[in-house]
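User: I should like to learn how to read the features of a protein model. Could you guide me through one example?

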Amino acid sequence: MKSGSPNWIVMGEPASPAEQAALDAFREPLPEDGLTRAWVNLTFLDLDGRAAEVDAFLLTKRGFFVVELKGWHGTLAGKQQSWRQITPGGQVRHHPTPLLLTISKAKRLKSGTAARTGDRWGQAA
């Protein structure tokens, strides 16, 4: 997808130049197929009034996706609860998996959307 595409909808400013670079790298391979759209730096309120931010909310032929970008470099390995990063310099860092928080955000976004649309979004979270 090209920079400036009407299908790349910027909802908020990136937190840093590194985040902007990551978003650019994410955008470039996306197709301009008339369906694929991305809302980036999206902040939403869930049904409890709690705010959440997602790096990208992506619509494709295959469905909706919540995308969380991380500025981690090196090798990643992990399990359901934690990930281990080995940086290019050999330093080992441990991170809680971002998957659990991302799944939670996706479910909160789906619940809020379903409540506002009469649940026309399907059953998968």
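Analyst: The following dialogue goes from the overall fold to a sheet, then to aromatic rings and a single loop residue. Please keep in mind that this is a predicted model.

User: How many helices and strands does the chain have, and in which pattern do they follow along the sequence?

Analyst: The chain has 2 helices and 7 strands. Read along the sequence, these elements give the pattern β-α-β-β-β-β-β-β-α.

User: What are the dimensions of the chain, and what percentage of its residues is buried?

Analyst: The C-alpha trace spans about 50 × 35 × 25 Å along its principal axes. Of the 125 residues in the chain, 31% are buried. The accessible surface comes to about 8200 Å², and carbon and sulfur atoms contribute 56% of that surface. As for contacts with a separation of 6 or more, 39% are between residues 24 or more positions apart.

User: How should I read a sheet, and which strand order is found in the open sheet of 3 strands?

Analyst: The strands of a sheet pair through backbone hydrogen bonds, and the pairing is either parallel or antiparallel. In this structure, an open sheet of 3 strands has the order β5-β6-β7, and its pairing is antiparallel. Its edge strands are β5 (75–78) and β7, each of which pairs on one side only. On average, neighbouring strands of this sheet are turned by 25 degrees against each other, direction ignored.

User: How many bridges join β5 to β6?

Analyst: These two antiparallel strands are joined by 4 bridges. For a position to find in the model, look at Gly78, which stands opposite Trp83 in β6.

User: How is a pair of aromatic rings described, and how many aromatic pairs does a search of the whole structure find?

Analyst: A pair of aromatic rings is described by the distance of the centres and the angle of the planes. The search of the whole structure finds 4 aromatic pairs. In one of them, the ring centres of Trp39 and Phe57 are 5.9 Å apart and the planes are at 40 degrees, so this pair is tilted. The pair links distant parts of the chain, with Trp39 in strand β2 (residues 37–45) and Phe57 in strand β3 (residues 51–60), 18 residues apart.

User: Does Phe57 form a stacked or a tilted pair with Phe64?

Analyst: Phe57 and Phe64 form a stacked pair, with 5.1 Å from centre to centre and 10 degrees between the planes. Ring pairs thus link Trp39, Phe57 and Phe64 into a cluster. Within this cluster, Phe57 is buried, because its relative accessible area is 16% and buried means under 20%. Trp39 is partly exposed at 22% relative accessibility, and Phe64 is partly exposed at 36%.

User: Which residue lies over the face of Trp8?

Analyst: Arg27 lies over the face of the Trp8 ring, at 5.8 Å from the ring centre.

User: Finally, where does Thr87 lie, and is Thr87 buried or exposed?

Analyst: Thr87 lies in the loop between β6 (82–86) and β7 (92–96). Thr87 counts as buried because its relative accessibility is 13%. Leaving aside residues up to four places away in sequence, Thr87 touches His73, Gly74 and Arg93.

Key:
Residues are numbered from 1 along each chain as its sequence is written. This is a predicted model: local features need pLDDT of at least 70, side-chain atom pairs count only at pLDDT 80 or more; totals for chains, interfaces and linings use all residues. Side-chain values use heavy atoms; hydrogens and water are left out. Buried means under 20% relative accessible area, exposed over 50%, partly exposed in between (1.4 Å probe, protein chains only). Contact means heavy atoms within 4.5 Å. Rings of Phe, Tyr and Trp (its six-membered ring) pair if their centres lie within 6.5 Å; planes under 30 degrees apart count as stacked, over 60 as edge-to-face and the rest as tilted. A charge sits over a ring if NZ of Lys or CZ of Arg is within 6 Å of the ring centre and within 35 degrees of the ring normal. Two strands pair if DSSP finds at least two bridges between them. Axes are lines fitted to C-alpha atoms, for helices over the stretch in contact, and angles run from 0 to 180 degrees between N-to-C directions. Accessible areas come from the Shrake-Rupley method with a 1.4 Å probe; for residues, only the protein chains shown count as cover.
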